[in-house]
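Biologist: I'd like to go through this one with you and hear the reasoning behind each label. Can you pull it up?

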Amino acid sequence: MSIAAEFSGVSQVFGDFTAVDSIDLAITEGKLTTLLGPSGCGKTTSLRMLAGYSAPSSGTITIAGVDSTRTPPEKRGLGMVFQSYALFPHMSVAENVGYGLKLRRVPAAERQKTVMETLDLVGLAHLAGSKPKKLSGGQQQRVALARAIAIKPKLLLLDEPLSNLDARLRVQMRAEIRRIQSETGLTVVLVTHDQDEALEMSDDMVLMRAGRIMQQGSPQDVFRGPANRFVADFLGYENFVTTADGRAIAIRPEHLEVSAATPAGSADGLRLAGTITDVAFRGVDLLVTVDAVDDSGASVRLLSDVRSTGVDTLAVGDTVTVGAAPGRLVALAD
Ligand SMILES: Nc1ncnc2c1ncn2[C@@H]1O[C@H](COP(=O)(O)OP(=O)(O)OP(=O)(O)O)[C@@H](O)[C@H]1O
Ligand SMILES: [Mg+2]
């Protein structure tokens with residue numbers, strides 16, 4: 001697999017604030033890579049440096065093997081879609097999509113052909129002559145995508161492109177972008193702070209915190225093997241306990257069993273005694289909060305997502321056993 005773009009020791013400093021802190025990151029060609037992390041962790045700053053809209057304070061950015069750290073945006077051959085996708089209101093859909101080609105002086109006949117092919121790809125050929133304001137949010141988003149793709153970019157950069165769409169449309173567009181990416185073989189870098197979006201869409205997921213990369217890997221690997229407590233927490237592991245010999249363990253709420261009668265879990269997994277402090281009915285499941293003391297002697301608050309229908313008897317104040325099978329215990333590095 002070849003590398004489409006690479007950050008080496010890249011930092012971005014604003015005054016005395018370090019927004020991106022010496023990151024090393026390789027973007028694989030033909031894959032969809034997401035930059036994921038909480039607000040302010042440096043995702044947009046990283047993408048803007050890749051696009052050339054701001055120069056790193058230090059470090060180098062290589063695109064297709066060429067040092068492009070100081071290359072202006074228009075010379076990088078990248079397509080970009082922002083959260084506010086700002087179509088040109090006075091131009092038709094086709095003119096919007098053809099805009100970048102016109103700037104590059106592509107002859108009219110060839111331009112027309114590329115515009116229609118690209119509109120076909122995003123399923124909007126029938127709206128080629130419409131003005132953007134007649135389109136729904138999702139359709140406008142597709143036009144913005146088509147406009148970025150039409151120039152056949154080396155890299156397509158998307159900064160929270162779905163955040164203006166309503167929840168259902170957002171989920172549809174995830175699959176749509178995935179399809180377009182696999183049909184075109186484009187290298188895509190997508191910024192999001194939504195872990196579900198990242199898990200569903202990525203080939204490669206990069207988790208950031210405070211300007212640093214916490215973990216990079218496939219969604220499966222990162223989800224099942226979070227490197228540290230921050231990543232586990234961000235991906236919905238709710239339970240953190242320390243073993244008697246000092247190992248840090250994370251357990252997902254859906255893997256933590258609560259039992260009033262017989263001890264839950266198994267002898268070589270986790271098994272702790274505790275007291276129920278809250279039971280929340282959530283339709284398909286119950287979220288049960290249990291206060292316990294772990295094997296290191298620390299007080300812990302545990303959350304169990306109970307899906308069984310036979311647990312209506314669990315009530316606040318009950319003494320219970322919580323447990324998890326050995327395979328459900330995820331060891332953390334810190
Ligand atoms: N031009 C700037 N001048 C000063 N500080 C900046 C500038 N641009 C970004 N920052 C700061 O750098 C940090 C990272 O910002 P960035 O926009 O990269 O975050 P983000 O991960 O994209 O967050 P969000 O999910 O909210 O979009 C933030 O604390 C932000 O306030
Ligand atoms: Mg941002």
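Biologist: Which hand does the crossing of H2 and H3 have?

Modeller: Keep in mind that this is a predicted model. The crossing of H2 and H3 is right-handed.

Biologist: And why are H2 and H3 called oblique to each other?

Modeller: Helix H2 covers residues 93–103, helix H3 covers residues 108–121, and the angle between them is about 125°. Roughly perpendicular stops at 115 and roughly antiparallel needs over 145. The angle of about 125° falls under neither label, and H2 and H3 are therefore oblique. Their axes lie 9 Å apart.

Biologist: How do you know that H2 and H3 meet, and which residues do it?

Modeller: Contact means heavy atoms within 4.5 Å. On the H2 side you get Val 93, Ala 94, Val 97, Gly 98, Leu 101 and Lys 102, and they meet Arg 111, Thr 114, Val 115, Thr 118 and Leu 119 of H3. By class, that contact has 6 nonpolar, 3 polar and 2 charged residues.

Biologist: What makes H3 oblique to H4?

Modeller: H3 and H4 pack at an angle of about 135°, again with a figure of 9 Å between the axes. Roughly antiparallel would take an angle over 145, so H3 comes out oblique to H4. The crossing of H3 and H4 is right-handed.

Biologist: Which residues make the contact of H3 with H4?

Modeller: Thr 114, Thr 118, Leu 119 and Leu 121 come from H3, while Ala 146, Ile 149 and Ala 150 come from H4. By class it's 5 nonpolar, 2 polar and no charged residues.

Biologist: Now the pockets. How much space lies in the largest pocket, and which residues are the closest to its centre?

Modeller: About 620 Å³. It has 23 lining residues, and Tyr 53, Leu 78, Gly 79, Met 80 and Ile 151 are the closest to the centre. Strand E6 (78–81), H2 and helix H4 (137–150) each supply at least two lining residues, with the largest share, 4 residues, coming from E6. By class, the lining has 16 nonpolar, 4 polar and 3 charged residues.

Biologist: What lines the second largest pocket?

Modeller: Its volume is about 200 Å³. Among the lining residues are Met 91, Glu 95, Tyr 99, Ala 108 and Gln 112. H2 gives the largest share, 5 residues, and H3 supplies at least two.

Biologist: How many charged residues does that lining have?

Modeller: It has 3 charged residues, along with 5 nonpolar and 2 polar ones. Asp, Glu, Lys and Arg count as charged, so Glu 95, Lys 102 and Arg 111 qualify.

Conventions:
Residues numbered from 1 in each chain as written. Chains lettered and ligands numbered in written order. Predicted model: local features only at pLDDT ≥ 70, side-chain atom pairs only at ≥ 80, totals over all residues. Heavy atoms only, no water. Axes fitted to C-alpha atoms, helices over the stretch in contact; angles between N-to-C directions. Parallel < 35°, antiparallel > 145°, perpendicular 65-115°, else oblique. Left-handed = near helix turned anticlockwise from the far one by under 90°. 1 Å grid on protein atoms, 1.4 Å probe; cavity = no way out; pocket = protein on both sides within 12 Å on 5 of 7 lines; lining within 4 Å. Points joined across faces, edges and corners; volume = space filled by probe spheres on them.
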